[in-house]
Amino acid sequence: MRAETLAIHAGNLYNISTQDVTPPINLSTTFLRNAEGGYSGGHMYSRVSNPNRSALENIISELEKGAEACALSSGNTAGMTVFQALKPGSHILAPDDMYWGFKKQLQTIFADTLEIDFIDMTDVEGIKKHIKTNTVMIWTETPSNPLLKITDIAAIAEISKANGLVLACDSTFASPCLQNPILLGADLVMHSSTKYIGGHSDVLGGILVTAEKNELWEKIRNIQQIGGAVPSPFDCFLLIRSIKTLAYRMRGHCENGMALALYLEKHPAVETVYYPGLPGHPGHETAKKQMSSFGGMLSILVKGDAEEARKVVNKVKLFAQATSLGGVESLIEHRASVEGPDTKTPQNLIRISVGLEHIDDLIDDFEQALA
């Protein structure tokens with residue numbers, strides 16, 4: 001089945017007694033044992049598994065072409081679960097441009113247990129030079145946050161396989177409808193389901209998908225079930241509801257993202273536009289090869305300093321000045337001030353999550369804000 005069909009049907013739970021078309025919310029925290037002590041309903045305790053969570057994991061696994069999925073309470077928890085599953089002393093290669101929350105995790109929480117090098121993942125040959133005897137994982141993020149760098153997943157997969165490494169890919173900016181890293185050779189895929197998968201800025205979640213059920217995956221699953229940082233049944237219900245429209249929402253995000261990028265690229269007040277759909281983007285050809293479209297995220301450098309960038313984000317009317325991304329509403333933020341004083345993000349950078357409003361209204365809003 002194609003993504004549009006999977007999104008609508010793969011998460012359905014047809015209850016035997018009531019035959020619900022829309023999956024009901026199952027709030028039970030515990031489930032009946034049979035006479036032999038087993039669980040004929042397939043569930044024991046809601047921290048371990050729950051009908052709504054199982055349905056969510058099934059649908060994401062189907063969309064990402066993986067063997068199994070693991071739903072967590074947030075995107076940060078999903079990344080942390082992977083890092084927790086690695087042996088102390090393990091070496092990780094991570095992108096120099098990546099979501100600051102994960103970078104902060106690696107620099108603080110895992111600073112004493114893991115060895116991390118932050119490198120340019122667009123330099124495929126350069127990656128080989130950083131592999132050590134204790135390297136176990138290459139963590140990629142494509143498109144990256146906030147500079148929209150594009151990593152050649154297939155090329156790095158060749159390196160990871162040749163060296164017996166795990167290749168993990170944060171595909172949050174792309175969503176399962178635009179990019180399937182497992183089909184390109186990745187071993188793990190991560191999403192902050194808060195973003196495009198949820199799509200309405202009203203539910204927190206994260207999800208991991210594995211290409212195969214192996215020892216690492218069993219550790220990840222064990223951390224999920226024993227640690228218990230799982231989404232509630234209602235959160236899972238909301239995510240399944242949102243996924244049904246994911247493919248069509250992404251078409252709108254991509255269309256608006258491209259149109260706004262083309263407009264901003266020509267504006268005299270804008271120094272640079274970071275959007276992989278633009279032919280001038282250094283990762284454009286790679287993005288064309290591994291993505292079905294270019295997404296709804298873009299960043300711009302306005303001419304001037306942080307003060308000039310703040311003027312723009314304070315002047316727009318339709319773009320909500322708020323963090324996060326992937327919702328139906330357009331969001332905008334001065335990214336460096338979110339990431340803190342040690343950020344490497346340019347002070348004149350503005351990150352934009354292009355929503356599903358009419359594109360002419362979004363362009364008009366930027367026209368007055370940049371005037």
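Hi everyone, let me start with one pair of side chains: K132 forms a salt bridge with D117, and their closest N and O atoms are 3.7 Å apart. Where do the two residues sit? K132 is in the loop between α5 (124–129) and β4, while D117 belongs to strand β3, so the pair ties together parts that are 15 residues apart in sequence. Please keep in mind that we are looking at a predicted model. In the structure there are 18 salt bridges, and I'll come back to another of them in a moment.

Let's move on to the sheet. It is open and has 7 strands with mixed pairing, in the order β1-β7-β6-β5-β4-β2-β3. Which strands are at the edges? Those are β1 (68–72) and β3 (115–119), each of which pairs on one side only. From one strand to the next, the twist averages 20°.

If you look at β5 (residues 166–170) and β6 (residues 188–191), you'll find them paired in the parallel sense, over 3 bridges. To pick out one spot there, A168 has L188 in β6 as its bridge partner.

Now for two of the helices. Helix α2 (residues 51–63) packs on the sheet and touches β1 and β7 (206–210). Its direction makes about 130° with that of β1. Helix α6 (residues 153–162), for its part, lies across β4 (135–141) and β5, and runs at about 155° to β5.

Let's zoom out to the domains. The domain assignment gives us domain 1 (3–241) and domain 2 (248–370). Their C-alpha centres lie 26 Å apart, and the contact takes 29 residues from domain 1 and 36 residues from domain 2.

How much area is buried between domain 1 and domain 2? About 2,700 Å², with carbon and sulfur atoms giving 58% of it. On the domain 1 side, three residues are worth clicking on: I150, L178 and Y196 supply 27% of the area that domain 1 buries against domain 2, more than any other three residues.

There is a polar side to this interface too. Across it, 14 residue pairs are in polar contact, counting pairs with both residues at pLDDT 80 or more. As for salt bridges, the count between domain 1 and domain 2 is 3.

And here is the other salt bridge I promised: the side chains of D152 and K289 meet at 2.9 Å, N to O. Thanks for listening, and I'm happy to go back to any part of the model.

Technical notes
Residues are numbered from 1 along each chain as its sequence is written. This is a predicted model: local features need pLDDT of at least 70, side-chain atom pairs count only at pLDDT 80 or more; totals for chains, interfaces and linings use all residues. Side-chain values use heavy atoms; hydrogens and water are left out. Two strands pair if DSSP finds at least two bridges between them. Helices (H or I, at least four residues) and strands (E, at least two) are DSSP runs, numbered from the N terminus. Axes are lines fitted to C-alpha atoms, for helices over the stretch in contact, and angles run from 0 to 180 degrees between N-to-C directions. Contact means heavy atoms within 4.5 Å. Domain bounds come from an automatic or database domain assignment. Buried area is the accessible area (1.4 Å probe) that two parts lose on being put together, summed over both. A salt bridge is a side-chain nitrogen of Lys or Arg within 4 Å of a carboxyl oxygen of Asp or Glu. A polar contact is a pair of N or O atoms within 3.5 Å; within protein, one must be able to donate a hydrogen and the other to accept it, and residues adjacent in sequence count only if both atoms are side-chain atoms.
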